[in-house]
Amino acid sequence: MADAAQTVDDERLKKEGLGARLMKRPELGAIAGVILVTTFFLITADSSMFTLSGIMNFMTPAAQLGILAIGAAMLMIGGEFDLSIGSMVAFAGLIFGACVVTLGLPLILAIPLTLAVAAGLGALNGTIVLKTGLPSFIVTLAFLFILRGASLVGLKLASGGSTQLRGVRDAVEGDWLAPMFSGDAFGPVFAWLAQVGVIDTFKNGTPKVPGIPVEILWFVALALVATYVLLRTPQGNWVFASGGDRTAASNSGVPVRKVKISLFMVTAMCGALVAIITVMDAGSTDARRGFMKEFEAIIAAVIGGCLLTGGYGSAIGAFFGAIIFGMVTIGLTYTNFDQDWFQIFLGGMLLIAVLFNNYIRKRVTGER
Amino acid sequence: MTQDTTFHHGDPQAATQPIIKMQNIEKHFGNIIALAGVSFDVRPGECHCLLGDNGAGKSTFIKTMSGVHKPTKGTITIDDQPMNFDSPRDAMEAGIATVFQDLAMIPLMSVTRNFFMGREPVKGRKPFRRMDVEMMNETAVEEMRKMGINLRGPDQAVGTLSGGERQTVAIARAVYFGARVLILDEPTSALGVRQTSNVLATIDRVRKQGVGVVFISHNVRHALAVGDRFTVLNRGKTLGTAERGDITPEQLQDLMAGGQEMAQLEGSLGGTV
Ligand SMILES: Nc1ncnc2c1ncn2[C@@H]1O[C@H](COP(=O)(O)OP(=O)(O)OP(=O)(O)O)[C@@H](O)[C@H]1O
Ligand SMILES: [Mg+2]
């Protein structure tokens, strides 16, 4: 957005330095966080953390969380919360597992069906919130329990008494859609890179990193699409407006209701996508899938610059927020620190992020 | 009080058909009767002032006209077609643009994004259709300049603008989008002298282009400066509509105060009101 040419010279406008302009970007905090965390681990962690396989190691959980975090961030910018996404992962995992194992459906049917069920539940969440005017916090808290419970009950029904549904791997074996949702992408490229000696190999000549885990590609693609939608499309403008001030947005002609319900649906579908990917990866699904992920996703979104009050934030910020999460979770295993520092670290990050965002908001809105 | 005659006033409009016609509009909020049967119309090329005391129901009335509230009773017709606005978006599509008393601006968003909120211009083909950001920025700056305000930058957040600057964004936006009817709810309450006369001149300009203007103000001089007709609301009802020239400023002022005698008050304040 270079508008220098259009603005008249204004003697009441101080030259704004690059720093000051960067300060106004919502994702700045998250990028600073990534740099901070990287520096920390460069100093304290084993050097293998930042080899190709080490990076894939922490990017995989980061991606699984990040897909949720991007959905959560868009919803938060739109002024709502969804505390049920973690449970949604479990429930969608059940639906998906039941589709492929119990019903024996091919992925071309099972995946759209799972996404549709999730979207339907998201729409239900959104409709209740908008119809009643209750805070989304409380409505989706109810769904946190409802969906978690439904996953347990459903798993017992589908598996005949157990809380785990196995046999997904066999069921999807050979399905032509499977490579899009599981395993590693660009295998031949990595094999070739190994051959020419660019990347490390095992003794037998196979590359240590067989490819890029597909969730990372989904994660990057989603972050790009979400950022584009938010910054460059009318619908993105409506998301900011709906979250910024619902009445003002509606009075200006923004279809607030549609925007918010769509966001609930998108968030739920992000949960379903994570369910599909992780269930295919694990080969089974269980009722604990996605446990506590709603909080982690919201924390990643907040670290990424989303305001809890809505109307401000970025998808790219949530992207970096999730990477911070992945780095901290996995990175501690490369250090001499106890794993249990993880939660303290995250709590601290969250607190700093909220304080920082609060300060930024005041600068942007001009309150002091 | 001197009558401002800077602006040209159109010929008697009696011959022209109204663009929008509101008949016996009632609006109840629970047990509160905000509007108890108000009739009002706007003809092309006129400025119809809606006047009245605080709480008379002016804002509520124009909100039914702009699709924010659904009237409890009564009919709205545009070009003799009955209309049923479900949302402000519907009203906008019918060519009605409004400056709300609370402005309907989002402080965290930039001037440009606020200006085009809900009506973003796009370019490109379907899957890659995107906002025309350059055009949006240029237009926002240009329209603001026409209203006498030089923006520091189109990406400045509205929250950092002064009250009057913010009001000007809302007015510029409505003028830009008000294809047939332009509704202004106390648009000049926070404006400086220069910006106020700019707004009055703008009303005159769009009126000459055939737009019907609804102008709400507590300032008799502003109303008389641009108004062609004056409708006074009091406690949810119309006290009547007067043509320009049929009413003296003093009579109008009395009506605006809810029909009570302003004379005494005016006397005690030394004629400054
Ligand atoms: N949403 C609402 N719920 C309940 N009562 C309302 C609502 N909106 C308006 N009212 C009531 O309707 C009456 C008319 O309000 P309105 O805002 O239309 O007045 P107004 O003529 O615009 O006044 P002002 O000159 O102060 O802007 C007031 O008594 C107000 O309390
Ligand atoms: Mg009002």
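The following exercises, each with a worked solution, concern a predicted model.

**Exercise 1. The second largest pocket**

Describe the second largest pocket by its volume, the residues nearest its centre, the elements that line it and the character of its lining.

Solution.

Step 1. The space in the second largest pocket amounts to about 450 Å³.

Step 2. Its lining consists of 19 residues, and those nearest the centre are A:S250, A:R257, B:D86, B:S87 and B:P88.

Step 3. Two or more lining residues come from each of α12 (246–251) and α13 (256–282) of chain A and from α2 (88–93) of chain B. The greatest contribution is that of α12(A), which supplies four residues.

Step 4. By character, the lining of the second largest pocket holds six nonpolar, seven polar and six charged residues.

**Exercise 2. A helix of chain A**

Determine how the span of α13(A) compares with the expected value, how many of its residues are buried, and what follows just after the helix.

Solution.

Step 1. The helix α13(A) contains 27 residues, and its first and last C-alpha atoms are 39 Å apart. This is close to the 39 Å expected at 1.5 Å a residue.

Step 2. A residue is counted as buried when its relative accessible area is under 20%. In α13(A), 19 of the 27 residues are buried, so the helix is largely enclosed by the rest of the structure.

Step 3. Just after α13(A) comes A:G283, whose phi is positive, at about 85 degrees.

**Exercise 3. Annotated transmembrane regions**

Using the UniProt record for chain A, state which residues are listed as "transmembrane region", and examine the spans 89–122 and 128–147 in the model.

Solution.

Step 1. The unreviewed UniProt entry lists residues 28–52, 58–77, 89–122, 128–147, 212–231, 261–283, 295–328 and 340–360 of chain A under this name.

Step 2. In the model, residues 89–122 of chain A are 88% helix and 0% strand, and the end C-alpha atoms lie 12 Å apart.

Step 3. Residues 128–147 of chain A are 85% helix and 0% strand, with 16 Å between the end C-alpha atoms.

**Exercise 4. The magnesium ion**

Identify the residues that coordinate the magnesium ion (ligand 2), place them in chain B, and classify each by accessibility.

Solution.

Step 1. The magnesium ion (ligand 2) is coordinated by OG of B:S59 and OE1 of B:Q101, at 1.9 to 2.1 Å.

Step 2. B:S59 belongs to helix α1 (residues 58–65) of chain B, while B:Q101 is in the loop between β6 (96–99) and α3 (111–115) of chain B; the pair therefore ties together parts that are 42 residues apart in sequence.

Step 3. B:S59 has a relative accessibility of 19% and so counts as buried. B:Q101, with a relative accessible area of 42%, is partly exposed.

**Exercise 5. Positive phi angles in chain B**

Compare B:N24 and B:L103 with respect to phi, location and accessibility.

Solution.

Step 1. Most residues other than glycine have a negative phi. B:N24 is not a glycine, yet its phi is positive, at about 45 degrees. B:L103 is likewise a residue other than glycine with a positive phi, near 75 degrees.

Step 2. B:N24 is part of strand β1 (residues 20–29) of chain B, whereas B:L103 is in the loop between β6 and α3 of chain B.

Step 3. Exposed means over 50% relative accessible area. B:N24 stands at 52% and so counts as exposed, whereas B:L103, at 12%, counts as buried.

**Exercise 6. Separation in sequence and in space**

For the pairs A:Q164 and A:A287, A:G244 and A:V274, and B:P121 and B:R152, set the separation along the chain beside the C-alpha distance.

Solution.

Step 1. A:Q164 lies in strand β1 (residues 164–165) of chain A and is partly exposed, at 24% relative accessible area. A:Q164 and A:A287 are 123 residues apart along the chain, and their C-alpha atoms are separated by 7.0 Å.

Step 2. A:G244 belongs to helix α11 (residues 234–244) of chain A and is partly exposed, at 30%. A:G244 and A:V274 are 30 residues apart in sequence, with 29 Å between their C-alpha atoms.

Step 3. B:P121 is in the loop between α3 and β7 (122–123) of chain B and, at 18% relative accessibility, counts as buried. B:P121 and B:R152 are 31 residues apart along the chain, and their C-alpha atoms are separated by 22 Å.

Notes: Residues are numbered from 1 along each chain as its sequence is written. Chains are lettered from A and ligands numbered from 1 in the order in which they are written. This is a predicted model: local features need pLDDT of at least 70, side-chain atom pairs count only at pLDDT 80 or more; totals for chains, interfaces and linings use all residues. Side-chain values use heavy atoms; hydrogens and water are left out. On a 1 Å grid over the protein atoms alone, a cavity is a set of points where a 1.4 Å probe fits but cannot get out, and a pocket is an open set with protein on both sides within 12 Å along at least five of seven lines; lining residues have an atom within 4 Å of a point. Grid points are joined across faces, edges and corners, and a volume is the space filled by probe spheres set on the points. Ala, Val, Leu, Ile, Met, Phe, Trp, Tyr, Cys and Pro count as nonpolar, Asp, Glu, Lys and Arg as charged, and the others, Gly among them, as polar. UniProt positions are given in the numbering used here, feature names are shortened, and annotations may be inferred rather than shown by experiment. Donors are N, O and S atoms within 2.8 Å of the metal (3.2 Å for Na, K and Ca); water is not among the atoms, so sites may look incomplete. Buried means under 20% relative accessible area, exposed over 50%, partly exposed in between (1.4 Å probe, protein chains only). The expected span of a helix is 1.5 Å times one less than its number of residues.
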